[in-house]
Amino acid sequence: MWEQLLPGLRIKLFMTILLGVAYPLFMTGLSQLIFSHQANGSLVVADGKIIGSEIIGQNFTRPEYFHPRPSAAGDKGYDATASNGSQYGPTNKKLIDRVSASIDQFRKENPDYHGPIPADLVTASASGLDPHISPDSAQAQVARVAKARGISSEQTTQLVTQFTEGPSLGVLGEARVNVLEMNLALDKQFPRK
């Protein structure tokens, strides 16, 4: 009986050590060596403090900051431990009410904007933690941010243009703006009054 069990146990032990210990340690070391910033969470540091991540959205509500898209992650949104979308279908009354409330809030906060509201300013992403908004969404907020900061709309628009990233590898995805990075640049270039 042991003659049949021992080879299987040896293979199981070998594979456990190889795939459960050696391979993860190798991949962790390799990622730390080659992609250290990404492997450590793409953390954003300002004034020696970690204030967020390039890949996890945060909520900004003050008028002098660009606002992200809504989040359905967690009870209050932007909870990285509860990443998910709203899971509501397009005819769901709760989704319709939430989007209507987001539209009303946007119109109240941005009275100088009269164009169509970009969809990503009133709908949550699939993860609820998207750190980016579209360039159109950033442009829709330019007048409010400029007024709250006491700067010109042209200066704010230049900042949006500066922080607009093209599609990954030139073809994957769409143009986008990282809200956290742009808000940090606002604080650095045009401090709040």
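**A tour of a hairpin and two pockets**

Select Leu43 to begin: Leu43 stands opposite Ser53 in β2. The model on screen is predicted, and the values below are computed from it.

**The hairpin**

Now show β1 (43-46) and β2 (49-53) together. The two strands run antiparallel and are joined by four bridges. Move along to Ala46, whose bridge partner in β2 is Lys49. Two residues separate β1 from β2 in this hairpin. Select Asp47 in the turn and check its backbone: phi is positive there, at about 55°.

**The second largest pocket**

Keep the hairpin displayed and add α6 (179-189). β1, β2 and α6 each supply at least two residues to the lining of the second largest pocket. Which element gives the most to this lining? It is α6, with five residues.

To see the lining from the hairpin side, select Val44, Val45, Ala46, Asp47, Lys49 and Ile51, which are among the lining residues. Ala46 and Lys49, the bridge partners visited above, are thus both in this selection, as is Asp47 from the turn. Then add Glu181, Leu184, Ala185, Asp187 and Lys188, which also line the pocket.

Colour the selection by residue class. Six of the lining residues are nonpolar and five are charged, with no polar residue in the set. The volume of this pocket is about 220 Å³.

**The largest pocket**

Next, centre the view on Arg69, Pro70, Tyr78, Ser102 and Gln105. Of the 25 residues that line the largest pocket, these lie nearest its centre. The space in the pocket is about 490 Å³.

Show α3 (93-109) and α4 (135-149), the elements that give two or more residues to this lining. Which of the elements gives the most to the lining of the largest pocket? α3 does, contributing five residues.

Colour this lining by class as well. The count is eight nonpolar, 11 polar and six charged residues. Set beside it, the lining of the second largest pocket has no polar residues.

**Last view**

To finish, display both pockets at once: the largest with α3 and α4, and the second largest with β1, β2 and α6.

Note on methods. Residues are numbered from 1 along each chain as its sequence is written. This is a predicted model: local features need pLDDT of at least 70, side-chain atom pairs count only at pLDDT 80 or more; totals for chains, interfaces and linings use all residues. Side-chain values use heavy atoms; hydrogens and water are left out. On a 1 Å grid over the protein atoms alone, a cavity is a set of points where a 1.4 Å probe fits but cannot get out, and a pocket is an open set with protein on both sides within 12 Å along at least five of seven lines; lining residues have an atom within 4 Å of a point. Grid points are joined across faces, edges and corners, and a volume is the space filled by probe spheres set on the points. Ala, Val, Leu, Ile, Met, Phe, Trp, Tyr, Cys and Pro count as nonpolar, Asp, Glu, Lys and Arg as charged, and the others, Gly among them, as polar. Two strands pair if DSSP finds at least two bridges between them.
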